[in-house]
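Welcome! Please take a moment to look over the sequence and the structure before reading on.

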Amino acid sequence: MAKQFEEHGHHVIPTRTLAINLAWLMALMVLTIVAARVTHFLPTMPGNVVAMSIAIVKAFLVVAIFMGVKYTTNLAKLFAIGGFVWFLLLFGILIDYFSRPWEPVKGWEPLPSTSLPRTPGVDE
Amino acid sequence: MAEHAAHHHEPGEDVVFGQYETIEQQRESYIVGMWTFLVTEVMFFGGLFLVYTLYRWKYAEVWHGMSLHLNFWLGGINTAVLLLSSFSVAWAVQRAQVGDTKNQIRLLWFTVACACTFLVIKFIEYREKIVHGLYPDWAYQGLPDVEFGPSRLFMSLYFAMTGLHGVHVLVGIIVITTLIFMTKAKAPSISDYIPTEMVALYWHFVDLVWIFLYPLFYLIPA
Amino acid sequence: MSATATTTARAHPEKNYLNADHTIASWLLTTDHKRIAVLYLISVTFFFFIGSIAAGLVRLELTSSQGLLLTSEAYNKMFSAHGVVMIFFFLLPSIPAAIGNFVIPIQIGARDLAFPRLNLLSWYLYIIAGGLILFALAGGGFDAGWTFYTPLSSLYSDTQITIALVAIFIAGFSSIFTGLNFIVTVHKMRAPGMTWFRMPLMVWANYATSLLMMLGTPVVAITLFLVVLERTLGIGIFSAEIGGDPVLFQHMFWFYSHPAVYIMVLPGMGVISELISAFSKRPVFGYHFVAFSSLAIAGLGFLVWGHHMFISSQSVYLGVIFSLITFLVAVPSAIKVFNWAFTMYKGYVEFKTPMVYAIAFLGLFLIGGLTGLFLAALDTDVHLTGTYFIVAHFHYVMVGSSTIAFLGAVHFWWPKMFGKMYNEFWGTLSAIVIFAGFNFTFFPQFILGYLGMPRRYHYYFFEPAWEVYNVMSTMGASILAIGFLMPAFYLTASLLNGKKAPQNPWGAKGLEWEKAASPPVTFNFSEPVVVTEPAYNYPSADRPGGAMVHQLDQLDEDIEKLEGD
């Protein structure tokens with residue numbers, strides 16, 4: 001039976017590929033610790049960027065090789081990508097916090113109190 | 001009721017449940033179902049990551065200070081343990097695909113061992129924090145060198161996120177152990193590699209969450 | 001096993017899913033999607049009546065500007081109970097889990113859903129959650145509304161909020177599992193020849209709904225879970241006093257709960273497509289537009305959560321964007337309404353009970369949808385938000401559309417589900433009474449809202465002029481209650497001594513009418529199904545969109561090819 005479904009395109013990932021992937025993941029882990037804690041040479045923003053980039057690369061390696069997305073059907077790929085896209089969409093909530101400091105909007109400031117009450121004809 | 005073809009199962013034969021036409025259709029359905037579930041899991045943790053991002057952005061300095069109080073060596077060891085377990089479970093799937101049940105079970109046991117190690121180390125970390133009065137409830141004492149409120153917020157998220165991740169690890173241990181015993185008992189519903197693949201997908205997801213949690217809590221730059 | 005089956009077969013020559021086995025265990029441990037649908041139908045009806053009792057008390061209380069029989073606290077608990085029970089325990093599972101569960105596998109020619117045991121688990125989760133919510137109500141109720149805004153829910157209220165939140169969390173997973181099952185079923189279980197563009201629109205609508213369930217529900221689950229953590233373990237995430245942000249709760253809550261509105265209404269739209277086509281004997285006008293508009297509504301539904309927060313300190317820039325996107329949702333909704341109207345045009349319209357419900361839906365959805373535009377506009381919303389205008393608007397969508405679509409679906413598929421016909425006169429009458437009672441109840445609330453009556457207020461002694469509208473609304477609610485009780489009687493009567501239903505009582509197209517018996521057998525079809533024609537293939541000389549059919553069949557093939565790789 002095993003042979004039969006290999007023919008149907010179910011990819012058996014060689015042990016070597018898995019081991020190399022593990023080695024990469026371990027190396028990246030060491031790299032991220034060294035970058036953040038041992039050397040302390042990175043300031044805030046680059047530090048964040050480096051730490052998150054490494055995490056994303058690691059995540060990509062796990063998803064692509066260990067979870068086999070690289071070898072799987074288009075439908076599974078679609079779900080993997082879809083999950084990621086919606087995860088990002090959720091972060092759209094942050095736009096609110098990002099744009100709050102831009103207020104008050106230019107031209108939308110409340111009218112100064114001396115101009116109230118409005119008299120007909122003055123506004124035109 | 002002939003609901004499940006499982007009743008007429010002969011050893012070594014694939015089991016196709018009554019609602020499916022072919023074994024291929026059944027396999028694909030299970031894998032698609034698992035991916036769908038993982039998408040919901042991504043959104044589930046996504047909410048927490050969103051909360052984290054907002055507060056980290058707001059209180060970057062305080063959180064850096066708090067991050068220094070977490071033991072990044074223990075966290076690092078735990079990362080290595082989980083990466084290793086991810087590797088072993090992927091290998092177990094490969095063994096299951098070629099029908100090498102003996103090594104498959106060995107590798108699954110190794111994965112369970114890694115998961116248990118992870119939980120033991122996590123427990124040591126939690127105990128240390130609680131002993132130092134850093135459990136973020138109303139009795140929270142804070143640390144002399146960092147601002148009180150945001151530091152409690154940091155510990156709140158630390159316990160909420162790693163706690164929820166820990167629950168997932170625990171569920172993983174239960175599921176993998178169940179799989180091992182069902183494989184050993186040659187349960188009819190475990191006739192091919194698909195159950196192992198599904199469990200493995202779940203376990204990789206648990207690993208994936210930790211890959212992000214580790215730098216986000218233990219390695220916050222100044 | 002097989003011995004029992006043979007005896008049963010001999011005793012009942014027409015064996016179907018209802019009489020296949022009679023033990024209680026065969027119902028409670030069933031994996032048959034049709035039986036689970038019946039279990040859901042019974043349980044959602046039960047919760048509908050619980051929620052209605054709470055609604056009745058709220059309406060009764062509001063007939064007087066001074067308050068009548070409830071304390072303010074009890075009043076708060078009453079509208080919270082009404083909201084939570086109706087939304088999480090009736091509207092969300094009603095059409096997908098009760099109706100969709102029954103018809104979707106049959107409509108695509110499958111023997112069952114992809115994961116029958118998961119389906120049963122999802123019903124049990126629903127029952128556990130329902131039990132918990134009844135426990136919370138019996139233990140004193142909860143008073144933070146169905147929205148559970150922090151810090152009221154996390155810091156101030158000492159009612160049974162924790163139990164209620166855990167119940168909603170569990171109900172959320174029940175909903176996720178139903179959605180997951182539908183997605184996999186639609187992708188993998190279609191019968192040979194049942195391409196994507198031959199699927200009935202009910203299936204398209206439920207597929208879109210399932211996407212929403214799968215992508216949105218986990219977010220609200222974790223949000224409510226964080227409030228539970230704060231109440232039980234002291235882990236404060238949204239607490240302002242330690243630097244947390246209570247508004248973040250609203251963002252995360254509405255990130256799900258706005259799409260949840262479409263979880264409630266999209267399956268209803270699917271039902272209406274079926275009903276209008278079946279009782280006009282014409283294919284749905286612009287099938288592909290209706291199908292894609294479901295997906296468009298699902299997609300846009302995720303981009304408009306902020307329109308619930310125009311006055312919640314949300315940034316003005318974001319408010320403008322949300323306002324614009326909210327207007328866009330009107331486009332796919334309007335596409336559906338126009339297409340339904342055109343389906344009836346020059347059709348052989350029969351005013352059977354389900355069709356009367358469908359036409360009631362059209363009118364009420366139109367009002368519900370158009371008043372939504374007042375609320376989508378940033379500055380009218382500032383005046384109308386938090387008033388009875390909003391209450392009237394969402395009841396027009398949730399009751400006027402979803403609940404009426406649910407009743408239409410029950411009447412349409414009732415002969416298929418139970419093999420019995422009901423009394424057509426009482427059926428039509430109930431639809432008319434509900435339509436009249438509904439408008440009588442909720443139209444005055446638009447006026448009240450415009451006059452400025454805030455929602456969730458117990459007293460309004462400061463403005464006695466509102467009393468007349470409130471009394472009108474309560475009188476309407478009484479008519480509505482009679483309307484809702486009528487089906488309970490004549491449908492029960494139909495079960496007991498209704499006329500036996502033929503396989504296709506409506507002369508409708510679709511696998512469930514043409515290939516499955518009434519009621520269907522355990523695995524739905526007695527012989528394998530092969531689909532050879534498009535959906536709603538009614539004999540009609542002037543079928544619209546005929547020229548496009550070839551191109552879309554080509555598109556179907558391409559999709560199949562892509563999925564296979």
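Here is a short tour of two chain interfaces and of the confidence in one chain.

Keep in mind that this is a predicted model. Chain B is a good place to start: 39 of its residues are in contact with 39 residues of chain A, and 32 of its residues are in contact with 37 residues of chain C.

**Where chain A meets chain B**
- On this side of chain A, the elements that give two or more residues are helix 2 (15–38), helix 3 (44–66), helix 4 (74–90) and helix 5 (94–99) of chain A.
- The most comes from helix 2 of chain A, which gives 10 residues to the side that touches chain B.
- Sorted by class, the residues on the side of chain A that touches chain B are 29 nonpolar, 8 polar and 2 charged.

**Where chain C meets chain B**
- Chain C turns to helix 7 (161–188), helix 8 (201–233) and helix 9 (246–280) as the elements that give two or more residues to the side touching chain B.
- Helix 8 of chain C gives the most to that side, with 10 residues.
- The side of chain C that touches chain B has 25 nonpolar residues, along with 7 polar and 5 charged ones.

**Confidence in chain B**
- The average pLDDT of chain B is 89, and 94% of the residues score at least 70.
- Residues 1–9 of chain B have a pLDDT below 50.
- Beyond near neighbours in sequence, this stretch of chain B has 18 contacts in the model.

Definitions and conventions: Residues numbered from 1 in each chain as written. Chains lettered and ligands numbered in written order. Predicted model: local features only at pLDDT ≥ 70, side-chain atom pairs only at ≥ 80, totals over all residues. Contact = placed C-beta atoms within 7 Å. Helix = DSSP H or I, 4+ residues; strand = E, 2+ residues; numbered from the N terminus. Nonpolar A, V, L, I, M, F, W, Y, C, P; charged D, E, K, R; others polar. pLDDT = per-residue confidence, 0-100.
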